[in-house]
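Student: Could we go through this structure together, one feature at a time?

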Amino acid sequence: QVQLVESGGGLVQAGGSLRLSCAASGRALVGYRMGWFRQAPGKERAFVAAIRWSGGSGYYADSVKGRFTISRDNAENTVSLQMNSLKPEDTAVYYCAAQRLAGSSYDYWGQGTQVTVSS
């Protein structure tokens, strides 16, 4: 069984930065695409960013493009989300997820980490 554990959330002022990390344990997620999602109070969970097993520049929601950067370290079984120029509307619980087959549902989810951006 795979476990995903997020860390790095917290409280930051608007314009600040945070770096979220997600560590996978149980087994190596070889070939898995990794993603970040977020859920704000009263809203549905939304896609933020994703990255293929091979790495590369990643895929982003329009709302975070140019401000967030996703990366992964396959040797360490980790994925990160660097968040810059944070806005109050970025406030949400952020979840890490792993997807085995492109286009399918994500197979594994973390428990989430809270990010709060004050104005």
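What follows is a set of questions and answers on this predicted model.

Tutor: Before we start, this is a predicted model in which local features need pLDDT of at least 70 and side-chain atom pairs count only at pLDDT 80 or more, while totals for chains, interfaces and linings use all residues. Residues are numbered from 1 along each chain as its sequence is written, and side-chain values use heavy atoms, with hydrogens and water left out.

Student: Which cysteines does the disulfide join, and what is the S to S distance?

Tutor: A disulfide is counted here when a pair of cysteine sulfur atoms lies within 2.5 Å. The structure holds one such link. It joins C22 to C96, with an S to S distance of 2.1 Å.

Student: Which parts of the chain does the pair of C22 and C96 tie together?

Tutor: Strands here are DSSP runs of E with at least two residues, numbered from the N terminus. C22 lies in strand β3 (residues 18-25) and C96 in strand β9 (residues 92-99), so the disulfide ties together parts that are 74 residues apart in sequence. The two parts are therefore strands β3 and β9.

Student: Are C22 and C96 buried or exposed, and what is the hand of their link?

Tutor: Buried means under 20% relative accessible area, exposed means over 50%, and partly exposed is in between, using a 1.4 Å probe and protein chains only. By that rule C22 is buried, and so is C96. The angle about the S-S bond is -75°, and the link is left-handed.

Student: How many aromatic pairs are there, and what is the geometry of F37 and F47?

Tutor: Rings of Phe, Tyr and Trp (its six-membered ring) pair if their centres lie within 6.5 Å; planes under 30 degrees apart count as stacked, over 60 as edge-to-face and the rest as tilted. The whole structure has five aromatic pairs. For F37 and F47, the centres are 5.7 Å apart and the planes meet at 75°, which makes the pair edge-to-face.

Student: Where do F37 and F47 lie, and is F37 buried or exposed?

Tutor: F37 lies in strand β4 (residues 33-39) and F47 in strand β5, so the pair ties together parts that are 10 residues apart in sequence. F47 is partly exposed at 30% relative accessible area. F37, with 10%, is buried.

Student: Why is the pair of Y106 and W109 called tilted, and which residues do ring pairs link into a cluster?

Tutor: The ring centres of Y106 and W109 are 5.9 Å apart with the planes at 55°, so the pair is tilted. Y106 counts as buried at 15% relative accessibility, whereas W109 is partly exposed at 31%. The cluster linked by ring pairs is F37, F47, Y106 and W109.

Student: Which tyrosine has R33 over its face, and which has R45?

Tutor: A charge sits over a ring if NZ of Lys or CZ of Arg is within 6 Å of the ring centre and within 35 degrees of the ring normal. R33 lies 4.8 Å from the ring centre of Y59. R45 lies 5.3 Å from the ring centre of its partner, Y95.

Student: What is the volume of the largest cavity, and which residues line it?

Tutor: On a 1 Å grid over the protein atoms alone, a cavity is a set of points where a 1.4 Å probe fits but cannot get out, and lining residues have an atom within 4 Å of a point. The search finds one cavity of 30 Å³ or more, and the largest cavity holds about 70 Å³ of space. Strands β3, β7 (68-73) and β8 (78-83) each supply at least two lining residues. The lining is C22, A24, L29, M34, R72, D73, N74, N77, T78 and V79.

Student: Where is N77 found, and what is its phi?

Tutor: Most residues other than glycine have a negative phi. N77 is found in the loop between β7 and β8 and is buried, with a relative accessible area of 17%. Its phi is positive, near 60°.

Student: And where is S85 found, and what is its phi?

Tutor: S85 is found in the loop between β8 and β9. At 40% relative accessibility, S85 counts as partly exposed. Although S85 is not a glycine, its phi is positive, at about 50°.

Note on methods:
Helices (H or I, at least four residues) and strands (E, at least two) are DSSP runs, numbered from the N terminus. On a 1 Å grid over the protein atoms alone, a cavity is a set of points where a 1.4 Å probe fits but cannot get out, and a pocket is an open set with protein on both sides within 12 Å along at least five of seven lines; lining residues have an atom within 4 Å of a point. Grid points are joined across faces, edges and corners, and a volume is the space filled by probe spheres set on the points.
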